[in-house]
Amino acid sequence: MKLDSHQHFWIYDAAQYPWIAPGSPLQRDWLPPDLAPLLAAAALDGCIAVQARQTIEESRWLLELAEHHSIIKGVVGWVDLRSPEVERELAALAPHPKFSGVRHVVQDEPDPRFILRPDFNAGVSALREFGLRYDVLIFERHLPAAIEFVDRHPNQTFILDHVAKPRIKDGILSPWDRNMRELAKRQNVYCKLSGMVTEADPQRWTPQVLQPYIDVVLAAFEPRRLMYGSDWPVMLLAGNDYARWYRTVTVAIEKLSKAEQARIMGGTAAEAYGI
């Protein structure tokens, strides 16, 4: 199975999606019929739909979409992991066969050590009981705290989004590279090869600019724990069409064996999300 491990759907509403800037190309509805031909053109079998707003209603809506659109193989939704009701809310969602995991937008939290909050960690501890994964969405400055966070949950499966958003636009590798190698020592952590173009210069990025960052995660996580993702339609903010990003990744990994390429282009995501 070939999978896109990271993309989003929404029915646009300014109040519900305040992170979408005025005049952005994202200010419209983005739904499975928009993505399906892009996946087909890339010979991909399906995708993982990831939350784009922090409401449990959106989690339910994504699962409804998954029931009607076979391209959606799994859903990473949202529940308030800080809530004393978290187990009840997880119990309501977890029976759905396509509910794969949970994500919180840690990168937007004012507290740089939010990910270490006791109430948040109590919620994360509840995920394993329901067989759910946790997607880690952070900036590179959060990596030291994220390493400490992962160490608190050695039996939980974690999936790092967007290679932890390094400072690609500025061409800075360190200390991101060291921290990524340290995080990758934890065998319960997977990494998505996604979301890189929006951290680069949107008008001037090239595959060559991204290659040093791809090389770091490829060496650190190896194909067994690295997965392709598009971050569609957010990728459009970087003037990036789906085919261009797909080509960028496939060319970057073409030196690998066929089996290793197959892991990155679908096998890893299928394993990590239990597809």
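1. A good place to begin is C47, which is buried, with a relative accessible area of 0%. The structure is a predicted model, and every point below should be read in that light. The sulfur of C47 is too far from any other cysteine sulfur for a bond, because the closest one, in C191, is 19 Å away. C191 is likewise counted as buried, at 0% relative accessibility. A disulfide is a covalent bond between the sulfur atoms of two cysteines. With the cut-off for such a pair set at 2.5 Å, the count of disulfides comes to 0.

2. C47 also leads into the sheet, since its bridge partner in β3 is I72. Strand β2 (residues 46–50) and strand β3 (residues 72–77) run parallel and are joined by 4 bridges. Helix α9 (residues 258–273) packs on the sheet and touches β1, β2, β3, β4 (99–104), β5 (133–136), β6 (158–160), β7 and β8, while its direction makes about 110° with that of β8.

3. How many strands does the open sheet have, and in what order do they come? There are 8 strands, arranged as β1-β2-β3-β4-β5-β6-β7-β8, and their pairing is parallel. The edges are formed by β1 (3–7) and β8 (226–228), each of which has a single partner strand, so one side of each is left without a neighbour in the sheet. On average, and with direction ignored, neighbouring strands of this sheet are turned by 25° against each other. Strands of a sheet pair through backbone hydrogen bonds, either parallel or antiparallel.

4. Strand β7 (residues 189–193) deserves a closer look. It is largely enclosed by the rest of the structure, because 5 of the 5 residues of β7 are buried. The residues V189, C191 and L193 point one way from the strand, whereas Y190 and K192 point the other way, and all are buried.

5. The two neighbours of β7 can be described in turn. On one side, β6 and β7 pair in the parallel sense over 3 bridges, with I159 standing opposite Y190 in β7; together with helix α6 (residues 176–184), these two strands make a right-handed β-α-β unit. On the other side, β7 and β8 also pair in the parallel sense over 3 bridges, with K192 standing opposite M227 in β8; here helix α7 (residues 207–221) completes a right-handed β-α-β unit with β7 and β8. Helix α8 (residues 242–252) lies across β1, β7 and β8, and runs at about 150° to β8.

6. Is K192, a lysine in strand β7, buried or exposed? K192 counts as buried, because its relative accessibility is 0%. Leaving aside neighbours within four places in sequence, its contacts are S5, H6, V50, D135, I159, L160, D161, H162, V163, M227 and Y273. With H6 in particular, the side chain of K192 makes a polar contact of 2.9 Å. D231 lies 39 residues from K192 along the chain, and the C-alpha atoms of the two are separated by 9.9 Å.

7. In strand β1, one may look at Q7, which counts as buried because its relative accessibility is 0%. Not counting residues up to four places away in sequence, Q7 touches L35, C47, I48, A49, V50, S230 and W232, so C47 from the opening point appears again here.8. Helix α5 (residues 143–151) has buried residues as well, namely L143, A145, A146, I147, F149 and V150. What covers these buried residues includes α4 (118–127), β5, β6, α6 and β7.

9. Some details of the backbone should be checked in the loops. Between S174 and P175 there is a cis peptide bond, with omega of about 10°, and P175 is found in the loop between β6 and α6. The peptide bond from W232 to P233 is also cis, with omega near 0°, and P233 has its place in the loop between β8 and α8.

10. Which residues have a positive phi although they are not glycine? One of them is A43, with phi near 55°, which is found in the loop between α1 (32–41) and β2 and is partly exposed, with a relative accessible area of 47%. Another is H162, with a positive phi of about 55°; it lies in the loop between β6 and α6 and is buried, with a relative accessible area of 3%.

Conventions: Residues numbered from 1 in each chain as written. Predicted model: local features only at pLDDT ≥ 70, side-chain atom pairs only at ≥ 80, totals over all residues. Heavy atoms only, no water. Buried < 20%, exposed > 50% of the residue type's maximum accessible area, 1.4 Å probe, protein only. Contact = heavy atoms within 4.5 Å. Polar contact = N/O pair within 3.5 Å; in protein donor to acceptor, adjacent residues only side chain to side chain. Pairing = 2+ DSSP bridges. Axes fitted to C-alpha atoms, helices over the stretch in contact; angles between N-to-C directions. Right-handed = clockwise from strand over helix to strand, strands pointing away.
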